[in-house]
Each structure stands twice: as C-alpha cells, then as structure tokens.
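Work through these exercises with the model open beside you. Try each task before you read its solution.

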Amino acid sequence: MTDKLPAEIVADDDGDDNTAAFNERTLELEEVGPDTYLSVDLWRPKGNRGVFGGQVIGQALAAAGKTVGGGFRCNSFHCYFLAPGQNVEMIAYEVRRIRQGASYCSRLVVAKQSGRVIFMAMASFQSAESSVLKHQYAMPLVPPPEALISREDHLRRKQRQSSTAMDADKLAEYDALPVESRHVPLSEDQRGLPINAIWLRAKGDMSGLGHSHHQSMLAYASDFALLSTALRPFQLDRPEAKHRLSMLVSLDHTIWFHEPFRADEWLLYAMESPRTASGRGLAVGRIYTREGVLVASTAQEGVARSVAMDPTASDDTLEFSNHITRLAGDQIKAKL
C-alpha cells in the first residue's frame, strides 16, 4: 500500500519465531451427548456486551466438523448471531445432520445458553475434488509481516514514548489471544477509504493438527477487524469526528474456504466495505497466503449506529469508486 512506513509500525529486529505450543483451549469442546458439544473456554473482550463472536464461530465450526468423515472439508459456513453470549456459562453446540452426500454434506449448528438459542450456523462440507477451472483476484501489494509490529508491541512502544499509564488489561488480553495480527498501514491519501488489511496467524505450531482445526482457527480469526472496516470513511476515532459510535455488533458472518492452508503461517486479510446505511454496515474480505493464493473469502453485516456530535453535520451518503483496487490493483490471475 505504501513504500515508506511510519516509524511507529516498523518492527523491531527480534526475529519471527512461531514454534511455541499452540493453545488448543480456545476451540476445545467437550462431547456431552450425541452430536452435542460444550465449550470449555469463552473470552469476553473488555467493554463488549458479550463473548467474542469469532470464538463462537470457530467453536461452532469445530463442532460441525466432528460429525463428518475425514474425507470432507468445510467449503462454506454461514452464521447468524441472535443474542450475545455470556462468559459465565459455557455454550452448548447441537449439530444436526441435514444431508450426507457423496460429494457434499450439510450440518446445522445451534448454539445455546440456559436453553436459549444465541447463534445458528449452516455448514457445507465437500470431499476433495480437482478442477482445471481456476481464477482469483490478485493479492494486494503490501509490506511483509516481518516489516510490521504486533498490537502488543505497538502498545508497549507507545508506553515507552509517553508518560500515560498503559492499559494493562488490554495488553494482557492481546497477549492471551491465540492469534497475532499486524496492521498494514494506509498512506495518508488512503485514510477515510472503506478498506483495511492485516496480517494474521495463529500463535504456536499447529503442524500436528488436522485441516479442520486450521479452518476453525481461521474462522475464529476472520472476525477480527472485518466489520469495523464499514466505519473507516467516518474516521470516528479522530477528535474532530462529527459522530460518535454508539453500537457496533455482528448480525451475520460467512466464510468460504477455497484452498487448504496453514493457520499458523502468515495470512493477509484484505477487507473492504461496499455499503453502510440503515443502521447497518457490510464488509467483505479476502484471505491470502503470503505466496498470493486466495484461500478464503468472508462477508459480515452488523448493526452500526452513531450519535451526532455536531447537529449541523450532513447526512449525505459518502460515495467511493471501487477502492479495493487501491490494494489489489486491476490484475486477475487465471489458470486455464
């Protein structure tokens, strides 16, 4: 996106090791009945009204995956958030075997707390199939992850450069997450555009785990930063912002898996938002390996509400051209 990186996001030369043990507890499930599973860990981010939606997505996909044969891999997962989950009680995931075919099978997942349905998802699984029909959008040209720093290191660096007290709770949250991310900076002329990009990967070595676990881990991580892309044009974090965010919660989330990948290796998550209106924001994303293979796509809609800070602020629609080309260019790779 930019040739010259701001000093605050350039990584320290401290290596890029990722060989520690992977924390499986985030997605761990206990079987408590036929096709019924119970979470053993739930994370409620500081300030959230409920548990992290990505964890519910990842656990629900993991539950569905336990009911299909080893020759099947998830090709799509469509989720609906019906009520916020709480971390004072574990979530029960009930899987219903809707269809079992030779090439595809379908599973419905219903997540409950205290008997109340808080989340539903439909999963499609496909047996391995080769095809000569292949095309994809090209990966954006962005700085490599080694040139950027993590959120945790960014917080620590800000602390060293200022006299303000660090938010120790937030830093502890970041350190405890099973996924690390590195924000890709936008150039000054790109600020305010409905685009975003991060590098992400699971913390620790997942080489001993099956592909379904890698898919569940990426489903978990795909909830980071996606919906907030719909707010980028309004720059609500700036002091001169004319609106203040009052609510941002997910309504639904979908992920399509195109190719196998390793969740513990760096993946580029390029995001854009085509529309925010009627109290809702829509964002879509593309996830690439660092070799440029598009391995997954996402879409998410959520409630996006604000309070006007300036009563004279215009409510006209901001309009953009398809600015994802600022990230990806106009090239399309095809193999015929």
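**Exercise 1. A histidine and its contacts**

Leaving aside its neighbours within four places in sequence, which residues is His213 in contact with?

Solution. This is a predicted model. Start by locating the residue: His213 lies in helix H4. Next, check its accessibility. His213 has 18% relative accessibility, and buried means under 20%, so His213 counts as buried. Now list the partners, skipping neighbours within four places in sequence. His213 is in contact with Phe22, Glu24, Leu27 and Met206.

**Exercise 2. The helix around it**

Find how many of the 11 residues of H4 are buried, and name them.

Solution. Count first: 10 of the 11 residues of H4 are buried. Helix H4 is therefore largely enclosed by the rest of the structure. Then name them. The buried residues are His211, His213, His214, Gln215, Ser216, Met217, Leu218, Ala219, Tyr220 and Ala221.

Set this against the whole chain. The protein chain has 336 residues, and buried residues make up 49% of them.

**Exercise 3. The sheet**

Give the strand order of the open sheet and pick out its edges.

Solution. Take the order first. The sheet has 12 strands, running S1-S2-S4-S5-S6-S3-S10-S13-S12-S11-S9-S8, with antiparallel pairing. Now look at the ends of that order. Strand S1 (29–33) and strand S8 (179–183) stand at the edges. Each has a single partner strand, so one side of each is left without a neighbour in the sheet. Finally, the twist: neighbouring strands are turned by 25° against each other on average, direction ignored.

For the wider inventory, the protein chain comes to five helices and 14 strands.

**Exercise 4. One strand pair, one helix on the sheet**

Describe the pairing of S3 with S6, then say which strands H4 touches.

Solution. Strand S3 covers residues 72–81, and strand S6 covers residues 116–127. The two pair in the antiparallel sense over nine bridges. One pair of facing residues is easy to look up: Phe81 stands opposite Phe119 in S6.

Now the helix. H4 (residues 211–221) packs on the sheet. Helix H4 touches S3, S8, S9, S10, S11, S12 and S13. The direction of H4 makes about 160° with that of S10.

**Exercise 5. Two helices crossing**

Work out how H1 and H4 are arranged relative to each other.

Solution. Begin with distance and angle. Helix H1 (residues 53–65) and H4 have axes that come within 7 Å and cross at roughly 160°. Angles over 145 degrees count as roughly antiparallel, so H1 is roughly antiparallel to H4. The hand of the crossing is right-handed.

Next, see which residues meet. H1 brings Gly54, Gln55, Ile57, Gly58, Leu61 and Ala62. H4 brings Gln215, Ser216, Ala219 and Tyr220. Sort the residues of this contact by type: five are nonpolar, five are polar and none is charged.

**Exercise 6. Two serines in loops**

Are Ser222 and Ser103 buried or partly exposed?

Solution. Take Ser222 first. Ser222 sits in the loop between H4 and S10. Its relative accessible area is 0%, so Ser222 is buried. Leaving aside neighbours within four places in sequence, Ser222 is in contact with His253, Ile255, Tyr269 and Thr298. His253 is 31 residues from Ser222 along the chain, and their C-alpha atoms are separated by 9.1 Å.

Turn to Ser103. Ser103 sits in the loop between strand S4 (92–100) and strand S5 (104–113). With 34% relative accessibility, Ser103 counts as partly exposed. Its contacts, with neighbours within four places left aside, are Phe72, Phe125, Gln126 and Ser127. The C-alpha atoms of Ser103 and Glu129 are separated by 8.4 Å, and these residues are 26 apart along the chain.

**Exercise 7. Positive phi without glycine**

Asp35 and Ala225 each have a positive phi. Where is each found?

Solution. Phi of Asp35 is near 55°. Asp35 is in the loop between S1 and strand S2 (36–39). At 18% relative accessibility, Asp35 counts as buried.

Phi of Ala225 is about 70°. Ala225 is in the loop between H4 and S10. Its relative accessible area is 27%, so Ala225 is partly exposed.

Conventions
Residues numbered from 1 in each chain as written. Predicted model: local features only at pLDDT ≥ 70, side-chain atom pairs only at ≥ 80, totals over all residues. Heavy atoms only, no water. Pairing = 2+ DSSP bridges. Helix = DSSP H or I, 4+ residues; strand = E, 2+ residues; numbered from the N terminus. Axes fitted to C-alpha atoms, helices over the stretch in contact; angles between N-to-C directions. Contact = heavy atoms within 4.5 Å. Parallel < 35°, antiparallel > 145°, perpendicular 65-115°, else oblique. Left-handed = near helix turned anticlockwise from the far one by under 90°. Nonpolar A, V, L, I, M, F, W, Y, C, P; charged D, E, K, R; others polar. Buried < 20%, exposed > 50% of the residue type's maximum accessible area, 1.4 Å probe, protein only.
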